[in-house]
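Subject: Structure and notes

Hello,

Here is the structure I said I would pass on. Please have a look at it before reading the notes below.

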Amino acid sequence: MATIDTTADAPGRLSAARIMRPQIWNILAWLIAFAVAFPILVVFSNVFAAKGAIWSHLAETVLPSYVGNSILLSVGVGIGVLLIGVPAAWMVTLCRFPGRRLFDWALLLPMAMPAYVIAYTYTGLLDYAGPAQTALRDVLGLEGGLRWIPDIRSLPGAIVMLVLVLYPYVYLLARAAFLEQSACVLEVSRTLGCSPWRGFWRVALPLARPALVAGVALALMEALNDFGTVQYFGVDTLATGIYRVWRGMGDATAGAQLAALLLVFVFVLLALERWSRGRRSFAHSTTRYRPLPRYQLTGPHALGAVLGCAVPVTFGFLLPASVLLYWAIVNIDAWAGEKFLVLIRNSFFMAGFAALLAVCLASILAYALRLHPTRPTQWAVRIASLGYAIPGPVLAIGILLPFAAIDHTLNAWAKATLGISPGLILSGTLVAVTFAYLVRFLTVSLNVVEASLGKVTRSMDFAARSLGRTPFRTLTDVHLPIMRGSLLTAGIVVFVDVLKELPATLVLRPFNFDTLATTTYNLASDERLAEAAGPALAMVAVGILPVYLMARASAVARPGQGNLAEDGDKMLMTKQYA
């Protein structure tokens, strides 16, 4: 049996075996990083391509509205998630009122609701033929339409829909930040004459600024990536423009140039987030943590707290979920059947396969960084973490262009030399869509795996190596069994994210291959909302599982209480971008 020399060749010099083995992991890390960066490079390479007539037409007609609506959507969503997420986090953290413990985890439930699903649901409820306007016309005795009711299919309507499902990003991170704050700091503010409200505004809120900015940045990236909601509401954004130019006009170059513009939006957003931190320190000056003071709310204040927490939960989850359940039961014959089972099979197969690969790649990246934490390896891991920041339409363009070129080259070669045409091996199969899932959601698993691996003491590595274990055997025999709970958590989160992913799936999926997300979108686009209820409800039901795990794991997040429950807060930070 071969052994590994772990002795030094000379004083101060490690053996070749110890130096070379980590390099293998570094090479794997850089290969993964290149795979993530490849779609970005493809998109930006088309910026310098000759601009055709379609691009000139876009610039003169709809491009200003694409850019303007994207900016307005981002501003509206950013303000909305702050106005809901921050007060809710403050109330459940530092106040006492009826139902506080229930709202503590219930405020996370809208995360299980895809934005496009809630958009379809509220459209069915509030449009002219919906039950809400029909009931109002009957009650008021009006035969005509209710023109004073704003049209939900508009930019403000899209902002409201996105805010209802994205505010939990800010809520969870703000809640964790408030829980980690020192009671001493808050008590000092009270001795200086600050009321609870002024203490929140002048002390707690500035200390939580990094978490709030990170939560808003995550919500804005999701808003810029959204396709189903804005497309269904008829709001022209850069995301819908990419799909329209690519699929409708057939101009790959113009689509890539629009994708590059959207990617610039994302990078500017990331740069602003980094710049906002500056050189300021947000660390606490004490290591002593006592239970946070909870302000007892009574009367109107308690009622206001209950309503403030109940409204987003009701309109963000309970109401749309109840409507979907009703539609699904009443119209069960319209969606239940063999076709629905095929959708379940396709969706679960793709989500499960992508989750397994994502966890494996994340383990490689995290272990490479552990073995050899040099600056090049750190850069490789950081680049590999950028995938979540790439919007789905941009990712689809960046993958489909090179894959289609490779397919055409292979077909030309095979036809000239072998007399056969193998077809679209990459761009016309599940390879492209699986690659897109891995690039986009690798970050989701990477942060969970990296956090879990960091909890394993280094002494276990040294003990395993002293017993003759290679780095690979150390990972498989020591680390992975210890981390199996976190690996399962990472896989579940990736599974659900893949299950709900829409824009990249629409563009890259093979012909005659439908998932729950694409079928829901297609049926809703055809105004067949009753038939879309079954697939939509299935996605919502599956999405509840990671939300439950997140709420349970982050139930205790305050230092000094013996159970920091880092995994729960890391689950939302899995959607980090750098």
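The notes below cover the nonpolar core, the cysteines and one threonine.

This is a predicted model, in which local features need pLDDT of at least 70, side-chain atom pairs count only at pLDDT 80 or more, and totals for chains, interfaces and linings use all residues. Residues are numbered from 1 along each chain as its sequence is written, and side-chain values use heavy atoms, leaving out hydrogens and water.

The largest nonpolar core (a set of buried Ala, Val, Leu, Ile, Met, Phe, Trp, Tyr and Cys residues joined through side-chain atoms within 4.5 Å) has 175 residues. Leu107 and Leu166 are among the residues that touch the most other members. Helix α7 (residues 155-179) gives this core its largest share, 18 residues. Helices here are DSSP runs of H or I with at least four residues, numbered from the N terminus.

Leu107 has contacts (heavy atoms within 4.5 Å) that include Val92, Tyr171 and Cys309, not counting residues up to four places away in sequence.

There are zero disulfides (pairs of cysteine sulfur atoms within 2.5 Å) in the whole structure. For Cys309, the closest cysteine sulfur belongs to Cys95, and at 9.0 Å it is too far for a bond. Cys309 is buried (under 20% relative accessible area, with exposed over 50% and partly exposed in between, 1.4 Å probe, protein chains only), at 0%. Cys360 is partly exposed, at 40%.

Thr93 is part of helix α3 (residues 63-94) and is buried, with 2% relative accessibility.

Regards

Notes
Helix = DSSP H or I, 4+ residues; strand = E, 2+ residues; numbered from the N terminus.
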